[in-house]
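Student: I have a structure open and would like to know what justifies the terms used to describe it. Can we go through them one at a time?

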Amino acid sequence: MSDFSPLIDAAALAHLQTWQGKSETTPDSITTAPLRALSATLDRDDAPPVPGSVVPPLWHWLYFLPHARQSEIGPDGHPRRGGFLPPVPLPRRMWAGGRLRWDSGNALQVGQEVERTSTIQSVKHKAGRSGELLFVLVEHQFRNAQGVALTEEHDIVYRPLAQPGEAAPPPQKPPLAGQAAWSRTIVPDDVLLFRYSALTFNGHRIHYDRQYVTQVEGYPGLIVHGPLIATLLVDLVRRSVPGAQLASFAFKAVRPTFDLHAFSVHGTPSADGKTIELWAQDHEGWLTMQATATLA
């Protein structure tokens with residue numbers, strides 16, 4: 001067994017934790033073009049959005065995008081570490097999950113001017129047999145003229161690069177495998193991944209640069225965006241329950257999904273139809289994302 005020498009010691013962690021409580025506010029206008037573009041990307045037949053159209057759940061991720069200058073981009077395609085997020089020395093960064101709550105009487109709509117206030121709630125470090133991990137929890141509050149419309153907790157995880165011979169975490173089967181009421185197969189080709197990266201102004205190279213993701217980060221293929229999979233899970237609800245309005249949504253990324261094979265999204269509503277268990281699985285049936293949606 002090799003010696004484990006963490007990149008983040010007590011002093012480094014204390015420095016990173018000085019970012020806790022840091023806050024920033026970003027304004028944006030809810031316009032129609034991003035909504036039309038994502039509707040096309042998800043292969044939906046939606047009516048064109050107009051002023052007053054409600055932003056579908058999770059589609060607010062098309063707005064409030066970071067616009068780092070090209071000279072500020074790091075080697076992974078993300079903005080260089082530091083600034084609002086702490087300068088974590090672990091190179092692999094992933095969106096690990098999140099929790100969202102909508103105000104049923106105050107929807108985000110086309111034509112609104114909205115502010116997102118982001119606050120770093122916690123910076124936590126874990127080290128174990130699988131190496132060290134650093135978790136950053138960011139809370140976003142979205143306010144329009146009527147007040148808070150949406151509150152989101154965003155989990156970010158940082159990891160070291162994969163080591164030769166490193167064992168992958170054991171896969172797990174979906175708890176409700178074989179019990180799906182709704183299912184849909186998704187083909188994550190290069191065009192889908194590129195379009196979603198472009199729509200979210202996401203320069204992270206793991207989603208489009210095959211040489212980088214395989215040779216530098218050590219993955220077997222391009223990684224399907226976690227937010228895209230979450231959006232597809234909610235999209236499954238919208239396709240299966242027309243007119244559904246979400247009160248809350250929680251999701252957790254369990255295992256990376258690669259572009260090498262098709263994957264599938266599934267859902268099973270509770271007896272009263274208010275709570276829906278959702279999951280994504282890869283071509284081998286292993287759980288990749290687990291989620292719960294609550295209808296208003």
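Tutor: We can, starting with the elements: helices of at least four residues and strands of at least two are DSSP runs, numbered from the N terminus. Keep in mind that this is a predicted model.

Student: What makes strand 5 and helix 5 part of the lining of the second largest pocket?

Tutor: A lining residue has an atom within 4 Å of a pocket point. Strand 5 (147-159) and helix 5 each supply at least two such residues. The lining has 24 residues, and Val54, Val55, Pro57, Ala244 and Gln245 are the ones nearest the centre of the pocket. Its volume is about 520 Å³.

Student: How do you know that strand 7 and strand 10 pair?

Tutor: Pairing takes at least two bridges. Strand 7 (residues 246-253) and strand 10 (residues 287-295) are joined by 7 bridges, so they count as paired. They run antiparallel, and one bridge sets serine 248 against threonine 294.

Student: Which sense does the pairing of strand 9 with strand 10 have, and what links the two?

Tutor: Strand 9 (residues 275-281) pairs with strand 10 in the antiparallel sense, over 7 bridges. Glutamine 281 is opposite leucine 287. The two strands form a hairpin with 5 residues between them, and in the turn glycine 285 has a positive phi of about 90°.

Student: Why are the buried residues of helix 2 said to be on the same side?

Tutor: Buried means under 20% relative accessible area. In helix 2 (residues 33-41), that applies to Pro34, Leu35, Leu38, Ser39 and Thr41. They lie on the same side because they cover an arc of only 160° around the axis. Helix 3 (190-199) is included in what covers them. Just after helix 2, aspartate 43 has a positive phi of about 60°.

Student: What makes a group of residues a nonpolar core, and which residues have the most contacts inside the largest one?

Tutor: The members must be buried residues of nonpolar types, joined through side-chain atoms within 4.5 Å. The largest nonpolar core has 51 residues, and Leu228, Phe249, Phe251 and Leu278 have the most contacts inside it. Helix 5 (residues 226-240) gives the most to this core, 8 residues. Leaving out residues up to four places away in sequence, leucine 228 touches Leu42, Leu192, Leu193 and Tyr196. Another core, of 15 residues, lies apart from it; Leu13, Phe84, Val88 and Tyr158 are among its members.

Technical notes
Residues are numbered from 1 along each chain as its sequence is written. This is a predicted model: local features need pLDDT of at least 70, side-chain atom pairs count only at pLDDT 80 or more; totals for chains, interfaces and linings use all residues. Side-chain values use heavy atoms; hydrogens and water are left out. Buried means under 20% relative accessible area, exposed over 50%, partly exposed in between (1.4 Å probe, protein chains only). Contact means heavy atoms within 4.5 Å. The arc is that of the directions from the helix axis to the C-beta atoms. On a 1 Å grid over the protein atoms alone, a cavity is a set of points where a 1.4 Å probe fits but cannot get out, and a pocket is an open set with protein on both sides within 12 Å along at least five of seven lines; lining residues have an atom within 4 Å of a point. Grid points are joined across faces, edges and corners, and a volume is the space filled by probe spheres set on the points.
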